[in-house]
Every structure is written in structure tokens, then in C-alpha cells.
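Biologist: I am new to this structure and would like a close look at a single part of it. Please start from one residue and work outwards from there.

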Amino acid sequence: MTAPLLTLLNASMISAYTAAGYWGDETLYGITARHARDASGRWAVRDRYRRLTYTELVDAADRLAGYLAARGLRVGERVAVWLPSGVETAIALLACSRNGYVCCPSLHRTHTVGQVVALVDRMRAAALIARPGYGGDADRHDIFALLADRDYLRWMGRVGALDAPPFADLPGEHKKVSPSRDPNQIMYLPFTSGTTGLPKGVLHSDNTLLASARMMARDWALEGAALYTLSPLSHNLGLGALVTALAAGGELVVHDLPRGESLVDRLAETGAAFLFGVPTHAIDLLAEMRTRGLRRLGVVRGFRISGAAAPAQLVADLIDHGVMPQSGYGMTETCSHQYTRPDDPLERIIETSGRACDGYELRIWRQDNPDIEAAPGEIGEIGGRGASLMLGYFDDQAATETAFNAGGWFMTGDLGRLDATGYLRIKGRKKDVIIRGGRNIHPAPIEALASKHPAVEQAAAFPLADPRLGERVCLAVVPGTGMTPDPAALLAHLKAGGVPIADLPEFILPLSEMPLTASGKIVKRELIQWVEEGRVRPEPVRLTHPAPMEA
């Protein structure tokens, strides 16, 4: 027998969340199989080449699960998935849910073969499912050859042509195993995006994944709808879209269009009603609509914007084109527990990250002591707990212990405040705080206001080392198409918007593009590294008649 994974799961947690209705008694595979029995011809998942009904999806998951069982995989063992977004990832996830394996699909297209080998070693994967030639440097390195000598890796599956029937030709023995009926099993192991250091493996069960997905489907009326994810299935946002679609009996459409093909036409063709993506996706989509003179986007009615704050103009443009944006907040550890509602006023969508869904709650804790709750309206560290919260970090007791305060609240490392109605306003990362001459400067308000400037598409405030003051504020900006932001005018815009004189950037760094993670988050440590290495050179900037800024 495989030793059980160490988790935070306990009997009282199961009893409380089940009694409250946030956890159920079905696995994700069980829910999908029920949909197949109730409506066998209903569409479940679709990529550019294949479209599977619920029956076809379950049959494919059964085939893969039987094949993995015959290779000797046991409950709790890990299955690594390194694939472009397609129906195979959905099948692999369901096969793991069915047999009690742990699926790790968070191996990204931008990962190198060496990085994936390191993660496969770290999780001691019993199986790897990958596409030959996929990845950041797969043209020079062979993942299968590099892992050929691992004794713990009992099967490596090569996914074939993009248009091939998924897992239709698995040679050798298949073993029939009864489906797991334990929705509290660990079945999903994503790795964090690693914007500040070594990625951590996050442990989720069927129930923790389904908790926020069910609430999202209910609050945004997504039952039976076609959901389109612009975020890859290797990222938690894309995977969450898949779980939401299956929980709601709808169809998940993955974004696998070749570069240059029309997203507008694809959305109309697939009948997508709700989108998942990051602000850049929305910006590009609106640009295509403007180019073609379109006022409406098929039957699309909602857009979950994640990864970064949505600029006010972007929100207004989406609404003007008949699409209601959903501002939200979530993490790999917590799922998408925080979001605005379809009937929220415009200012809440622009200024907040929504409120917690049923089954999850937030509190704000003092920055200098995470065991003491912050005063009402005070900026502090965001702590959360609830039915969609992870069950610990994989093989990392120390990280699991230090992630919680004394009261058992998960400490996110993000700073924010809650208003009287429970809506969250993000103020930045705790580790992102820039300390200038002893003064704490929060980047998020600067970035949000800079993004409202008509010539700025993206903005990121980060520290530059200073021998006297410790740190100074540098603002990196990516201009809008055909725009050139004037640094002095940008400072004046920030000051007029309420940024204190002492918090204004002292350097501007124009960039053609930001360094991003696979999930679309800006990697500020790379910006700092670029400056230190001399690859980029920030430009000093001051207001024309500034007040004294020295500490």
C-alpha cells in the first residue's frame, strides 16, 4: 500500500462542511458519470479538433484509469500531465478522480524539460502523460529519454496527433477497478506560480475543488452553459473552469486557436456564454471587436478576469459590448472563492475584488502580528478559511505549518481591507511593500491608478535599491498600442488621483512587455533582476514643482 499523504483533513472538518452543504458525497468523476447517465448526448468538453459528450468523456476516463491500474498505480500516487490544453487533460483529471490518483497538470508550456524533470522527481510521479516536442526547449531535449531511468516512474504515455481520438490506443492489459467514492481524497496537485521563490505543491480534494465551483455556477447561473477558458488547463484558473463546467453539467471549451485566428468567431461558433481569462485576454478581444466594428460578442454574457486588476476602462468597454465582467480574487491554495456578482454596481466591479462565496470567509489581520485582527477599515494581511481551502502543501510540513496563523486562518501574503459590505479591496503583496526611508508604500494603488491613464496598458511598481533611503519606487509601464506615456504627465496623473507625494514613483521604466508567469501574473523579481543586470535602464522622473520627498 502507498502511504497516505499527510494533510490537514480531519473528521470534524468533513462533518461540518458536509452538514452545511458545501461538501458533497460525489467525486468529480462521480458527478460526470451521473451527467452521462442522465443525458448521455450532452456535450462535456471541446478543443479545436475533438468534441466529447459526457458519455464519451467518461468512457475515455475509464479506459485510461484501467490502463494505469494495470501498470500498478496505487491510490495516492501522482500522475504528471505535461500537455497543451485539450480534451486529454480533462480525461486524465477524471481518471485520477476515478481511481484515487493525484493529478498534476500544472506543468506549463513555458517550462523547460529540465524544470519538468525536477517537478516529476519532486512529486515522485508514477506516470507521466506528455506530448513529444512540447515545452520551452523540447526541440533540444527529450523528456522521455531523461526520465527513462526513474524506477518510480512506471509508465510514460506519449499523446499523439492533435486530432487523434484521445487514449483510444493503449496497448497491453487493462485492469477493471471500482470507482472511488471518496470525495475527500487528494486528487489534484498544482504547483504555485512561484513569483517569489520555489513553487509549492498544493493539495486539493474533489470536495475542495467543487466547493467554490458549485457556488460560482449558482451565483452566475452557469448550469448547462458553455464555458470558454482563455487560461490554459495547466493553470488553476483554467482547471477551475473545467471543474465548474462539469459540476454544472455544461461544456468546457479550451482555447487552442493558432495565432492570428479569430477569437470572436470561435466564441460565436462554440456558443460560449462565460469566459475565464486575464486582463490581456480581454484587451485583445475588445481590440478585435473594434477592428471589425462589432458591438456584441455572440451570446457571451460574463467574463471572469483574474491574475491582475482590471482597468476601469476595460470594465466599462466590456459592459458597453454586452459582457458583464467578474472581478475576483483567489489563489492556487484557495480556488476562486471571491468574486463580484452580476448585479453589482459598476464601482464595485472596478474598485473591489468582490465578496467571498458561501462556504468561505475572510478576515484582515495586522501586518505586524498575524494573530491579531486588524481594526475595521485598516489595511492588513488577508486571511481566509473555508470549504475550498487547500489541505496542505505536498511533502512540506514546515510550509504547511507556517501558512496559518494561531487561529487556523490561511495567511495569503496579500494586503487588503474589507468594506462594511464584505467586499475586498486589494492593496498589494505583503512582500511587495516598498520601504522608502521607513515609509511603507503599497504598489497596488499606484498600479491601479497608472493603468487608468489612457496611454498605459500595464503597470507594475517595484523597488530600486537606494544606499540612503533603502528603496525607491520605480514604475514599469507597457504603453497602449501607438501610445507613448509622458513620464511627467503620468506623475501628474497619479498625484491628481490621490497618490501622496511621498509615494510617487521616482523612476519610470518603459517596456514593450512585462515578464509574466504562465498564469499572466507579473514577475516583479525579474524586473528587479533586469535592472540589476543592466538589461533595462529606468528613467529618473520628478514633478515639475514637487514637495520635498526626502525622508
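Biologist: In which loop does phenylalanine 167 lie?

Modeller: This is a predicted model, and what follows should be read as such. Phenylalanine 167 lies in the loop between strand S6 (155-158) and strand S7 (186-188). Its phi is positive, about 50 degrees, although phenylalanine 167 is not a glycine. Most residues other than glycine have a negative phi. Phenylalanine 167 has a relative accessible area of 10%, which is under the 20% limit, so it counts as buried.

A second residue has a backbone angle of this kind. Cysteine 335 is not a glycine, yet its phi is positive at about 65 degrees. Cysteine 335 is found in a strand, S14. With a relative accessible area of 6%, cysteine 335 is buried.

Strand S14 leads to the sheet that holds it. That sheet is open and has nine strands, in the order S2-S1-S10-S9-S11-S12-S13-S14-S15, with mixed pairing. Strand S2 (51-53) and strand S15 (355-356) stand at the edges with a single partner strand each, so one side of each has no neighbour in the sheet. Helix H11 (residues 312-320) packs on this sheet and touches S12 and S13. The direction of H11 makes about 135 degrees with that of S13.

Within the sheet, strand S10 (residues 251-254) can be followed residue by residue. Glu251 and Val253 point one way from S10, while Leu252 and Val254 point the other way. All four of these residues are buried. On one side, strand S1 (residues 43-46) runs parallel to S10 and is joined to it by two bridges. Valine 45 has leucine 252 of S10 as its bridge partner. Strand S9 (residues 226-229) also runs parallel to S10, and four bridges join the two. Here threonine 229 is partnered by valine 254 of S10.

The link from S9 to S10 involves a helix. S9, helix H8 (residues 236-247) and S10 make a right-handed β-α-β unit. H8 runs at about 170 degrees to S9. The strands that H8 lies across are S1, S9, S10, strand S11 (274-277), strand S12 (302-305), strand S13 (324-331) and strand S14 (335-339). S14, the strand in which cysteine 335 is found, is thus on the list for H8.

H11 also meets another helix. The axes of H11 and helix H10 (residues 279-292) come within 11 Å and cross at roughly 50 degrees. At that angle H10 and H11 are oblique to each other, because it falls neither under 35 degrees nor in the 65 to 115 range. Their crossing is left-handed. From H10, the residues in this contact are Pro279, Ala282, Ile283, Leu286 and Arg290. They meet Leu314, Asp317 and Leu318 in H11.

There is also an open sheet of four strands, in the order S23-S24-S25-S26 with mixed pairing. Its edge strands are strand S23 (456-466) and strand S26 (539-540), each of which pairs on one side only. Helix H15 (residues 487-496) packs on this sheet, where it touches S23, S24, S25 and S26. The direction of H15 makes about 110 degrees with that of S24. Strand S24 (residues 470-479) and strand S25 (residues 507-510) run parallel and are joined by four bridges. In that pair, leucine 475 stands opposite isoleucine 508 of S25.

Key:
Residues numbered from 1 in each chain as written. Predicted model: local features only at pLDDT ≥ 70, side-chain atom pairs only at ≥ 80, totals over all residues. Heavy atoms only, no water. Buried < 20%, exposed > 50% of the residue type's maximum accessible area, 1.4 Å probe, protein only. Pairing = 2+ DSSP bridges. Right-handed = clockwise from strand over helix to strand, strands pointing away. Contact = heavy atoms within 4.5 Å. Axes fitted to C-alpha atoms, helices over the stretch in contact; angles between N-to-C directions. Parallel < 35°, antiparallel > 145°, perpendicular 65-115°, else oblique. Left-handed = near helix turned anticlockwise from the far one by under 90°.
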